[in-house]
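Thanks for coming, everyone. I'll put the model up on the screen and then walk you through what I found in it.

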Amino acid sequence: MHALSLPTWWIHVASVLEWMLAMVAVIRWGERRGETEWRWLALAMLPALVSAMAACTWHLFDNPIELQGLVVFQAGTTLLGNVALAAAAWTLLPERSQS
Amino acid sequence: MTVVGLGALAAVDPSPLFVLSLLPYLAFLRWAAASKRFPPLALRGFQFTLVFVAVTIAAAVVAELRFGQQLADVDRLHGSAEAFLTVANLLVLWGFSRAEPGQEPPDPEASTTGPSGEQVLSTGVEPAVPPEDGASVLDPE
């Protein structure tokens with residue numbers, strides 16, 4: 001795990017922790033507003049977390065070419081996550097919920 | 001078992017996937033903004049993620065051309081680029097944590113569509129009672 005310096009590791013860990021806390025914050029925000037549809041946004045944030053875990057695992061093993069599959073998995077979950085985010089934002093469109 | 005799966009995956013070029021993932025993200029940003037329901041700071045955070053993407057691409061090019069290495073193996077560049085994501089995520093987290101549920105971009109429909117009592121439960125906000133309801137409660141006629 002020496003490909004990344006300690007500061008770089010902390011930057012990664014902070015990003016992941018913030019994202020996890022943001023998922024909780026989205027759920028709480030929805031609860032405060034009495035709008036359960038925000039839970040979909042929180043769920044849509046999950047693939048990006050999985051993606052981040054894959055990237056961190058790859059870093060943990062010093063970014064080896066043997067684990068290149070992890071990078072592809074990360075790219076795939078990033079794509080999936082962004083589609084999920086778009087879908088969640090779509091459900092939050094006000095014109096849609098009024099119809 | 002997992003290694004076999006990863007081995008098969010390794011044959012795939014991830015670059016097009018990363019590029020392609022930008023499209024749904026742009027759609028996400030567009031719809032998130034159009035919904036007018038996101039805390040402004042959180043929306044800024046999601047938008048700032050694009051800055052992280054741009055910086056990462058630039059850093060990857062520098063790593064390749066200047067050092068002949070992938071970005072993840074040039075620690076300074078890697079850490080500096082990733083710091084932009086840390087900032088972006090922090091804005092998203094702050095945005096959703098600190099925003100008051102009533103503090104959204106002015107939307108006259110919002111107060112009527114929300115369940116009654118929602119405004120009363122929100123603390124720290126000055127009474128945001130819908131004009132009609134407020135009038136009937138405060139000065140019955």
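Let me start with a question: is A:Trp10 buried or exposed? Before I answer, keep in mind that this is a predicted model. OK, so A:Trp10 is exposed, because its relative accessible area comes to 57%, and exposed means over 50%. You'll find A:Trp10 in helix H1 of chain A. It has company there, too. Together with A:Leu6, A:Val13, A:Leu17, A:Met20 and A:Met53, A:Trp10 makes up a nonpolar patch on the surface. The accessible area of those residues together is about 590 Å². Helix H1, which covers residues 6–33 of chain A, supplies the largest share of that patch, with five residues.

Let me step back to the overall picture for a second. Chain A has five helices and zero strands, so to speak an α-α-α-α-α pattern when you read along the sequence. Chain A has 99 residues, and 52% of them count as buried. Chain B is helical as well, with eight helices and zero strands. Its pattern along the sequence reads α-α-α-α-α-α-α-α. For chain B, the buried fraction is 32% of 141 residues.

While we're on chain A, there's another tryptophan to look at, A:Trp90, and that one is in helix H4. Is A:Trp90 buried, partly exposed or exposed? Partly exposed, because its relative accessibility is 41%, and the partly exposed class runs between 20% and 50%. Now look across to A:Leu41: the two residues are 49 apart along the chain, and their C-alpha atoms are separated by 9.9 Å.

Next up, salt bridges. Side chains of opposite charge can pair when their charged atoms come close. How many turn up over all chains? Searching the whole structure gives four. I'll go through some of them.

One of them joins A:Glu31 and A:Arg39, with 3.3 Å between the closest N and O atoms. A:Arg39 is partly exposed, at 45% relative accessible area.

Another one pairs A:Glu35 with A:Arg33, and here the closest N and O atoms are 3.0 Å apart. Both A:Glu35 and A:Arg33 are buried.

Then there's one I'd like you to zoom in on: B:Arg37 and A:Glu37 meet through their side chains in a salt bridge, 2.5 Å from N to O. This pair crosses between chains. On the chain B side, B:Arg37 sits in the loop between helix H3 (22–35) and helix H4 (40–67). On the chain A side, A:Glu37 is in the loop between H1 and helix H2 (38–44). How accessible are the two partners? B:Arg37 counts as buried because its relative accessibility is 9%, and the limit for buried is under 20%. A:Glu37, with 24%, is partly exposed. And these contacts link up: through shared partners, salt bridges join A:Arg33, A:Glu35, A:Glu37 and B:Arg37 into one network.

Quick detour into backbone geometry. Which residue has a positive phi of about 65° although it is not a glycine? That's A:Asp62, in the loop between helix H3 (46–60) and helix H4 (68–91) of chain A. A:Asp62 is partly exposed, with a relative accessible area of 33%. Chain B has a case to show as well: B:Lys36 has a positive phi of about 55°, and it isn't a glycine either. B:Lys36 is in the loop between H3 and H4 of chain B.

Last topic, the pockets. Rolling a probe the size of a water molecule over the atoms shows where empty space is left. The largest pocket has a volume of about 1,500 Å³. Its lining has 44 residues, and the ones nearest its centre are A:Gln74, A:Thr78, B:Phe18, B:Phe52 and B:Thr56. Both chains take part: the elements giving two or more residues to the lining are H1, H3 and H4 of chain A, along with helix H2 (15–20), H3, H4 and helix H5 (75–98) of chain B. Which element gives the most to the lining? H4 of chain B does, with nine residues. And by class, the lining splits into 25 nonpolar, 17 polar and two charged residues.

That's my tour, so let's open it up for discussion.

Technical notes
Residues are numbered from 1 along each chain as its sequence is written. Chains are lettered from A and ligands numbered from 1 in the order in which they are written. This is a predicted model: local features need pLDDT of at least 70, side-chain atom pairs count only at pLDDT 80 or more; totals for chains, interfaces and linings use all residues. Side-chain values use heavy atoms; hydrogens and water are left out. Patches are made of residues with over 30% relative accessible area and no salt bridge: like charges are joined within 9 Å, nonpolar side chains (Val, Leu, Ile, Met, Phe, Trp, Tyr) within 5 Å. Accessible areas come from the Shrake-Rupley method with a 1.4 Å probe; for residues, only the protein chains shown count as cover. Helices (H or I, at least four residues) and strands (E, at least two) are DSSP runs, numbered from the N terminus. Buried means under 20% relative accessible area, exposed over 50%, partly exposed in between (1.4 Å probe, protein chains only). On a 1 Å grid over the protein atoms alone, a cavity is a set of points where a 1.4 Å probe fits but cannot get out, and a pocket is an open set with protein on both sides within 12 Å along at least five of seven lines; lining residues have an atom within 4 Å of a point. Grid points are joined across faces, edges and corners, and a volume is the space filled by probe spheres set on the points. Ala, Val, Leu, Ile, Met, Phe, Trp, Tyr, Cys and Pro count as nonpolar, Asp, Glu, Lys and Arg as charged, and the others, Gly among them, as polar.
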